[in-house]
Amino acid sequence: MKRIATIALLLAGAALLAGCPKKPTIVEPPTAGSQVGGSSTSGSANGASTNGSPLGGDADASSRGGVGADGSGPNSRKIIYFDFDKSEIKPEFASIVTSAAQNLTSHPTLKLKLEGNTDERGTREYNIGLGERRAQAVRRALLLQGAAETQISTVSFGAERPAAEGDDEAAWAQNRRVELVYLP
Amino acid sequence: MNKSLCWLSLLIAVAVFCPRAQAELVVEITNGQAEAIPIAVVPFGSAEEAAASFDVAKVVSDDLARSGRFRSMDRKDMIEQPHTGANIGFDDWRRLNNDYILVGQVQPQGPDRYNVVFELYNVLNHQRLLGYQISANKPGLRLASHQVADMVFEKILGVRGAFATRVAYVSVLGRLPNRSYRLIVADADGENPRIVMQSNEPLMSPAWSPDGQSLAYVSFEDRLPSIYVQLLKTGDRHRVSARAGVNQAPAWSPDGKKLALTLSTREGNLDIYTLDLTTQALTRITDDPSIDTEPQWSKDGQSLYFTSDRAGGPQIYRVGIHPGDKPRRLTFQGTYNARPRLSPDESQLAFVTQEDGGYRIATMDLKGRGDVQVLTKGRFDVSPSYAPNGAVIIYASRDRGRGVLALVSADGRVQERLVSSEGEVQEPAWSPF
């Protein structure tokens, strides 16, 4: 039974996956150097199964949208920067929050996405949490200044979408940020 | 011992079923083991040119050397090259300080089919330890070679080899702002890279299904995070979580029926949930205003290890999956311990810890007193993942400003670096057997 299945697999593999590695079969000969016909056990690994996965169909469909797609003039994209491991909005960025809140309250149909980011230090998934925490800090400040909940969404890219490359504080300071992106 | 092994990337265009990533990787053993076992892997004999063009012995020899547990004899120092046990002059090999010798042949068996026949001997007592043959087609000779190395490894060390396994990782190409992201599956030695998915937006957190057939991962292709499950054989994939807010950190339950994952409330509170992949039933596991993320299942499927900063900084906790189970904190040493991964025998937990300002891979003993050992010395060592035999941990590191993959033995004694010729590589995930 097993042998038949193995042979069928090999035939199917040969037909479908010409050129791809197929699962080798292991046979133990009774004595040194002798050859044994037929296969009894199949290999432990999954050579045949790892072959080519077609690329995700819509992988490249997305684009870096958002920039300038707002219809509300010069405030289309603003960035708030944060200290290491912090999500408090520093005083020098209060005016960005205030003008965004005014924008949202005076244009009730306007929608704003807050993209939270961290620097590269630490684990990737925990950084997603920290980026979300920063985006939420900005969201709360906007709600306090009169923006409606339905106008604001958040997303965290963690450390996955840096603004600057490099592994020093100069780059990191540019990467610890929340970007305010008006949605079309 | 500082040894550089060059990994040729096969640029040969193969069938449409086999898209390949064209990355060249180099292994550098940065810290070997003094008591490595000396073995001679003699070049295999072959009656046919085509078979001879694939060097089985080199793959076996490289696998064994890379494990840090063996020292492979340089073939230039071999005074003869026997292909069967009958032709081994044991006294000569003993004088050359070998404990073991592997000999073999690649025998053509009709069109595109070969038998890899091999024998392992103890040089000191002439005992024949292994005698097998593996049947493979030409492209399968590489996998067959890894299987030879697995059998030699297990016979001599009593530990199952993990050379015939795979590693998934994320490769980032291009400079800002034009980056592209690839999810790649390669053989455990970095050879044979195949692109599973590519996107202009981030891909992260690949996780193997327990049967090794599928990967779960996070994709930002819609500029929002979604979790996908993709069947490797066909490339078919489906989106399993695209809820409002965070959809992150997928981890398969040991029976393959559920994912643990991280979701967020509207207020941005990250908690851990389980998702039944058949019924779509969602169960909340943690409920705390802090960040709870990076779940990993215990082998019995009854509890989850995870990262939480409920006590201030990130620390590792364990919680049962039943309602009302209270999380228990496991790490107390230092201010940053995150991203737990359980060793296959559950004797050890690997995680990322902060030490001297750097992020490093550490292990905690789960059977004894909870002793913590920091295994690496880098500044950016993250994303540890155990080989399925538990002998080695692969992780993401940084080398001269670039993201690279690295290996460290679970006892910390052997270290290696895997350097990619292009792009940044990150988030390795070792496949099951």
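Which residues of α2(B) are buried? In this predicted model, the buried residues of that helix are B:Val56, B:Ala57, B:Val59, B:Val60, B:Ser61, B:Asp62, B:Asp63, B:Leu64, B:Ala65 and B:Arg66. Helix α2 of chain B runs over residues 56-66 and is mostly covered, with ten of its eleven residues counted as buried. Just after α2(B), the backbone at B:Gly68 adopts a positive phi of about 80°.

**The two chains**

The table sets out the two chains.

| Chain | Secondary structure | Buried residues | Share of contacts (separation of 6 or more) from residues 24 or more positions apart |
|---|---|---|---|
| Chain A | four helices, six strands | 42% of 184 residues | 67% |
| Chain B | four helices, 32 strands | 53% of 433 residues | 44% |

Chain B, with its four helices and 32 strands, has a radius of gyration of 23 Å, close to the 22 Å that the globule rule gives for 433 residues, so chain B is as compact as a globular protein of that length. Along its principal axes, the C-alpha trace of chain B spans about 75 × 50 × 40 Å. In chain A, the order of elements along the sequence follows the pattern α-β-β-β-α-β-α-β-α-β.

**The domains of chain B**

Chain B is divided into domain 1, covering 34-157, and domain 2, covering 166-430, and the C-alpha centres of these two domains of chain B lie 36 Å apart. Their contact takes six residues from domain 1 of chain B and seven residues from domain 2 of chain B. On the side of domain 1 of chain B that touches domain 2 of chain B, the elements giving two or more residues are α2 and α4 (141-157) of chain B. The largest share of that side, three residues, comes from α2(B), the helix in which ten of eleven residues are buried. Sorted by class, the side of domain 1 of chain B that touches domain 2 of chain B has no nonpolar residues, two polar residues and four charged residues.

**Helix α2 of chain A**

Helix α2 of chain A comprises 13 residues, 94-106, which at 1.5 Å a residue should span 18 Å, and its end C-alpha atoms are 18 Å apart, in agreement with that expectation. Within α2(A), the residues A:Val97, A:Ala100, A:Asn103 and A:Leu104 are buried. These residues cover an arc of only 125° around the axis, which puts them on the same side of α2(A). The face of α2(A) that is turned away from its buried side carries the exposed residues A:Ser95 and A:Ser106.

What does A:Leu104 touch, not counting residues up to four places away in sequence? With that restriction, A:Leu104 touches A:Leu110, A:Leu112, A:Leu142, A:Ala147 and A:Gln151. A:Leu104 belongs to helix α2 of chain A and has 23 C-beta neighbours inside 10 Å; because a residue needs 20 or more to be buried, A:Leu104 counts as buried. One of its contacts is A:Gln151, which is 47 residues from A:Leu104 in sequence, although the two residues are 7.3 Å apart in space, C-alpha to C-alpha.

Terms used
Residues numbered from 1 in each chain as written. Chains lettered and ligands numbered in written order. Predicted model: local features only at pLDDT ≥ 70, side-chain atom pairs only at ≥ 80, totals over all residues. Expected span 1.5 Å × (residues − 1). Buried ≥ 20, exposed ≤ 12 C-beta atoms within 10 Å, placed from the backbone. Arc of directions from axis to C-beta. Domains from an automatic or database assignment. Nonpolar A, V, L, I, M, F, W, Y, C, P; charged D, E, K, R; others polar. Rg over C-alpha atoms; globule rule 2.2 N^0.38 Å.
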